[in-house]
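Student: I have a new structure open and would like to go through it. Can you put it up?

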Amino acid sequence: MSSSSAPVKPPSDIHRAWWKESSVYQIWPASFKDSNDDGVGDIPGIISKLDYIRDLGVDIVWLCPSYKSPQVDMGYDIADYYSIAEEYGTVADVEKLIKGCHDRGMKLLMDLVVNHTSDQHEWFKKSRSSKDSEFRDWYVWKPPRYDENGNRQPPNNWVSHFQGNAWEYDEPTGEYYLHLYAVEQPDLNWEKPAVRKAVHDIVRFWLDKGANGFRMDVINFISKDQGFPDAPVQDKDTPWQWGDQYYANGPRLHEYLQEIGNILKEYDTFSVGEMPFVKDVDEVLKAVRYDRNEINMIFNFEHVDIDHGPYGNKFKPGNWKLTDLKSFFERWQAFMYNNGGWNALYWENHDQPRSIDRYVNAPQSLRSAAGKMLATVLALHAGSPFIYQGQEIGMGNVPIEWGMEEYKDIDCLNHWNLLLKSKDSNAEAQTSARKEYQKKSRDNARTPVQWSAGPNGGFTGPDIKPWMSVNPEYTRVNATDQVKDPNSLYHYWASVLKSRKEYLDIFVYGNYELVDRGNQEVYAYTRAYSNSKALVLANWTDQELSWDAAAQKVNNVKEVLLDTYGPASAAQGRFSGTQWTLRPFEAAVFLLE
Ligand code: NOJ
């Protein structure tokens, strides 16, 4: 193996925890499974599929927001943290879901969305009712500024994550409120102790119901620079600029996280924080180092922002190379391993397009092979793997032919509506934006799960119009067929997760080292624990290729543990000598001498 081997920690220096060994299956309720034929997924639907999830070999189910909500941002706008959206079910249904998970040896993770609420939450209704309301300062209110012509302007120039300015003027009280996301998602003011106390009560409520932890929405945005300064101008085409340096990992973040951490540790929970805009990795470490009592791990964004255009504009084309992807992973792997942190490993979630369309470009006949390769590469890194519903069967992006009426996501629709109104809107600009939506819109992740080859992909009743159209690929990509087929991507995912558990020391606790760094066609790395070592090797292309094992000093295969083209036993002996042949998108995992 390469001569610059990173030191392998002695086992006594390695921190072990059940949550490091766990893998997670993410459910987005609206599109998972409809049990009552109203065209929207629901909690009884999820319960009906718990065996399917357990058989994949995951340990934890993450339920995306299911609380009462006007659904402007599909539940990330919460109107009541203590009740469940009618279309999804009831609190009693969630209790049944928790029990259903526990009965099968799995845990349940809830989504904690507390950077903002819905504008329909009672707190905000009261806050907006008057400047004298006791809830006024539960949110961030500021007076207008006026320009040299006396025109009213927002308090600063921050851009909202859903396009446009991040402040909304409220006529009756003559002030603006901050909304880093939609106008209907006002930001809470975490400086106010009563807000924090209210969040702590929510956390305890769900933990007392038996939930086993939280995924925390944009949790690094909760502490803002109280000066609310203008952001430096980067994109000259718009007045609205990214203000992240004033609210991402802000001044009091760790204090707030430790307050929550104190509650979480009473219950021995799993926690993962979503953290966009992370630039200072030491900041992250403060949040995730195992002895800090904050959260267990974070979702970082480098590898999913890889195809965004200039100024972080995701609906502009962006280019990337395999070596970029490898270097992101390498950096986080080493950083966390050496410093007592932990990684959340993901290709997909409800905000990202399908991995099989983002990271590889596979012809129809190789899509399953490509999905298996992506599963292998992701899940055997150091970290806790997250699988997003449908990823386990290789669901793809929405069809290119779909018109705008099929798109439902507020982020994408806001972008489209702004474009239509802008002076730059012409046929070319519209075609180019539509191309990017098909590649990167969140809608790609949100089509209903394809359960069968029957009408509506088995997501809802045959005569029902689902809230979002089912991707027509359901006739060839669906769960029923894959459960029956031992060579399917679904079963392959199960075998990867099984190997990860079987060789826990290596794949969970082992050191990571990138191999063949400059190769643009092959992704290879080793994991090493004490005297044991494994090699993960993946052909990232749709062509057969030859890999120079000798040049990487790999001459010591003891056993093939996994091979994406069939049983590992059939691949023993194929990987010897100096040059190894890798089939299109083939990945294999080896135990080394
Ligand atoms: C991140 C969530 O993942 C996304 O779906 C949501 O729109 C924003 N946070 C706002 O809550």
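Tutor: A definition to begin with: a polar contact is a pair of N or O atoms within 3.5 Å. Also, this is a predicted model.

Student: OK, so how far is the polar side-chain atom of Asp73 from an oxygen atom of the ligand?

Tutor: That distance is 2.5 Å. The side chain of Arg442 has an N or O atom 2.9 Å from a ligand oxygen, and for a polar side-chain atom of Glu274 the distance to a ligand oxygen is 3.4 Å. The ligand exposes 290 Å² when taken alone, and the protein buries 98% of that.

Student: How many residues surround the ligand, and which are the closest?

Tutor: There are 13, and the closest are Asp73, His116, Asp217, His350 and Asp351.

Student: What kinds of residues make up that shell around the ligand?

Tutor: Seven are charged, four nonpolar and two polar.

Student: Changing topic: what does UniProt place at residues 26–446?

Tutor: An unreviewed UniProt entry gives "domain: Glycosyl hydrolase family 13 catalytic" there. In the model, residues 26–446 are 33% helix and 12% strand, and the end C-alpha atoms of this span lie 12 Å apart.

Student: And helix 6, what span should its 16 residues have?

Tutor: Helix 6 covers residues 193–208 and should span 22 Å, because each residue adds 1.5 Å. Its end C-alpha atoms are 22 Å apart, which agrees.

Student: Which residues of helix 6 are buried?

Tutor: Val195, Arg196, Ala198, Val199, His200, Ile202, Val203, Trp206 and Leu207.

Student: What follows helix 6?

Tutor: Gly210 follows helix 6, with a positive phi near 110°.

Definitions and conventions
Residues are numbered from 1 along each chain as its sequence is written. This is a predicted model: local features need pLDDT of at least 70, side-chain atom pairs count only at pLDDT 80 or more; totals for chains, interfaces and linings use all residues. Side-chain values use heavy atoms; hydrogens and water are left out. Helices (H or I, at least four residues) and strands (E, at least two) are DSSP runs, numbered from the N terminus. The expected span of a helix is 1.5 Å times one less than its number of residues. Buried means under 20% relative accessible area, exposed over 50%, partly exposed in between (1.4 Å probe, protein chains only). A residue is near a molecule or strand if one of its heavy atoms lies within 4 Å of it. A polar contact is a pair of N or O atoms within 3.5 Å; within protein, one must be able to donate a hydrogen and the other to accept it, and residues adjacent in sequence count only if both atoms are side-chain atoms. Accessible areas come from the Shrake-Rupley method with a 1.4 Å probe; for residues, only the protein chains shown count as cover. Ala, Val, Leu, Ile, Met, Phe, Trp, Tyr, Cys and Pro count as nonpolar, Asp, Glu, Lys and Arg as charged, and the others, Gly among them, as polar. UniProt positions are given in the numbering used here, feature names are shortened, and annotations may be inferred rather than shown by experiment.
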